[in-house]
Structure formats: C-alpha cells, structure tokens
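Student: Could you take me closely through one part of this structure, the largest pocket and what lies around it in the description?

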Amino acid sequence: MTAKTQTLALKETADFNPEESEKKIGLAVFLGLAVGAILAFFVFLYAPLLRDYIYWIVPETKSFFVDQQADAARFSKELERVEKRLAAAQKKLSALQPKDNYLIVDTSGNRIFLMKDGQVLHQGTCSTGKYVLLKVSKKKQYVFKTPRGVFRVQQKQKRPVWYKPDWAFIEEALPIPPRDHPDRFEAGVLGNYALALGDGYLIHGTLYKRFLGQPVTHGCVRLDDETLEIVYQGMQTNGKVYIY
C-alpha cells in the first residue's frame with residue numbers, strides 16, 4: 001500500500017461517525033414504518049370502495065362472495081351443533097362406562113379383555129361357542145353358541161364342579177340320568193376357577209388348551225390358567241361382562 005492510499009484510508013476512517021450512522025438507520029426504519037402505516041390506513045379506508053368497484057365491474061363476483069360467506073356461516077353453525085352432540089354423547093358414554101373392572105369378550109376373534117376405565121388391564125385368548133346344532137327331535141334341539149349382550153358375574157367359584165346338562169349325555173349316546181344323579185357331577189374339567197353368568201353359561205378353564213382361540217365350546221368361555229386366574233381375581237361379583 002502506498003503512502004497516498006494509507007492517507008486516504010485513514011481519512012475515511014476518521015470521517016466515519018458511529019452515532020451518526022445509527023441515527024440514519026433509525027430514521028430509515030421510522031420512515032419505513034410510517035409509510036407502511038399510512039398504506040395500511042388507506043387500504044382499510046378504501047377497501048369497501050374497492051370491493052364495490054369490483055362488484056360494479058364484475059357483478060357476478062358479488063353473488064359469489066355472498067354465497068361463500070353464507071356457506072361459511074352455515075358450516076360454522078353445523079360444526080358447532082356437531083361438537084355439542086359429540087360432547088353430549090361422550091358424557092353419556094362416560095356415565096355408562098362401569099366404574100369397576102369389566103370384561104369384554106370378542107366371540108369373532110376369540111379374545112377376552114379385562115378392562116378398567118377404558119384401559120386394557122389384561123388380554124388373552126379364549127374359546128367360545130362353536131355354533132353347532134344338535135337336533136334331538138322336532139321339538140327339541142340345542143344350538144351351541146355363546147350368547148351376546150351385557151351380563152353380570154352372578155357367582156365366583158373356586159374348584160368348580162361341572163353339572164352336566166342333558167345334551168352332554170345325548171352327545172355321547174348315553175341315557176339321561178335324574179337331575180340329582182352322581183353322574184351329573186364331574187370335577188376337574190373346568191379349571192381352578194369359574195365365573196357364572198347365568199343360564200348355565202360360565203367363564204372357566206379347560207383341559208384342552210390346544211383348542212384355545214377356536215370356536216369349540218358349547219357356549220361357555222374357556223380360558224388358559226393364567227388368564228383365568230387374572231380374570232377371577234380382577235372381577236367382582238355383579239361386575240359387567242360385555243360379549244359381542
């Protein structure tokens with residue numbers, strides 16, 4: 001760098017004033033904001049006139065925008081009604097949901113769920129009705145299906161004994177004994193626990209665990225030993241059982 005160039009550089013550095021530069025920048029920002037505010041004011045002031053001018057030039061646009069506004073208003077009202085109905089339905093559903101543990105039995109998938117407040121506490125594989133017809137006569141027949149609906153646990157049993165109904169003897173081509181005959185009672189085939197749902201339907205264990213997950217029962221719900229114990233311990237007498 002020559003002596004002349006150094007002299008010019010020093011002079012330019014000496015002429016630079018930071019305070020003056022900041023003032024200029026601040027003034028530029030202020031002017032920019034002021035111009036923006038003025039433009040926004042005029043747009044706000046003359047927007048209706050501009051809109052009316054567009055309507056005058058292209059009349060179809062007025063009906064279009066009016067229809068759009070009407071549709072938006074109708075949609076908003078309908079959305080509000082739907083939200084109110086949804087809130088009411090959720091409130092009713094919460095009121096219907098049991099406060100204690102409850103069971104859900106899926107007969108199509110052969111699955112059982114122990115529930116609490118809408119949350120799954122335990123789930124397992126089960127076996128339900130096989131939907132087979134046993135016809136004894138024109139007036140008497142049996143359909144081996146698991147009933148669907150809402151039930152309650154009427155009784156909890158430890159080491160249950162199976163009381164064999166008439167169809168158990170008919171299937172084996174055996175004579176039907178009297179109701180209090182010892183042949184009616186068979187121990188050790190229902191597992192360690194049973195939950196009675198009424199009309200002879202039980203949730204119980206099984207000796208034939210290899211068939212779990214398949215529709216093979218005469219209407220009862222069969223469980224493996226682990227799931228059966230969890231269900232037995234988790235359910236209260238009078239607890240709800242939903243079968244679908």
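Tutor: What follows looks at the pocket, then at a surface patch and a strand residue. The model is predicted, so local features are taken only at pLDDT of at least 70 and side-chain atom pairs only at pLDDT 80 or more, while totals for chains, interfaces and linings use all residues. Residues are numbered from 1 along each chain as its sequence is written, and side-chain values use heavy atoms, with hydrogens and water left out.

The largest pocket has a volume of about 710 Å³, a pocket being an open set of points on a 1 Å grid over the protein atoms alone, where a 1.4 Å probe fits, with protein on both sides within 12 Å along at least five of seven lines. Its lining, counted as residues with an atom within 4 Å of a point, holds 28 residues, of which Trp162, Pro165, Trp167, His218 and Cys220 are the closest to the centre. Two or more lining residues come from each of strand S5 (141–144), S8, helix H4 (166–171) and strand S11 (201–204), where helices are DSSP runs (H or I) of at least four residues and strands (E) of at least two. By class, the lining divides into 15 nonpolar, 7 polar and 6 charged residues.

Strand S8 (residues 161–163) also contains Val161, which counts as partly exposed because its relative accessibility is 44%, between the limits of under 20% for buried and over 50% for exposed (1.4 Å probe, protein chains only). In strand S10 (residues 193–198) lies Ala194, which is buried, with a relative accessible area of 0%. Ala194 and Gln157 are 37 residues apart in sequence, yet their C-alpha atoms are 5.1 Å apart in space.

Terms used:
Points joined across faces, edges and corners; volume = space filled by probe spheres on them. Nonpolar A, V, L, I, M, F, W, Y, C, P; charged D, E, K, R; others polar.
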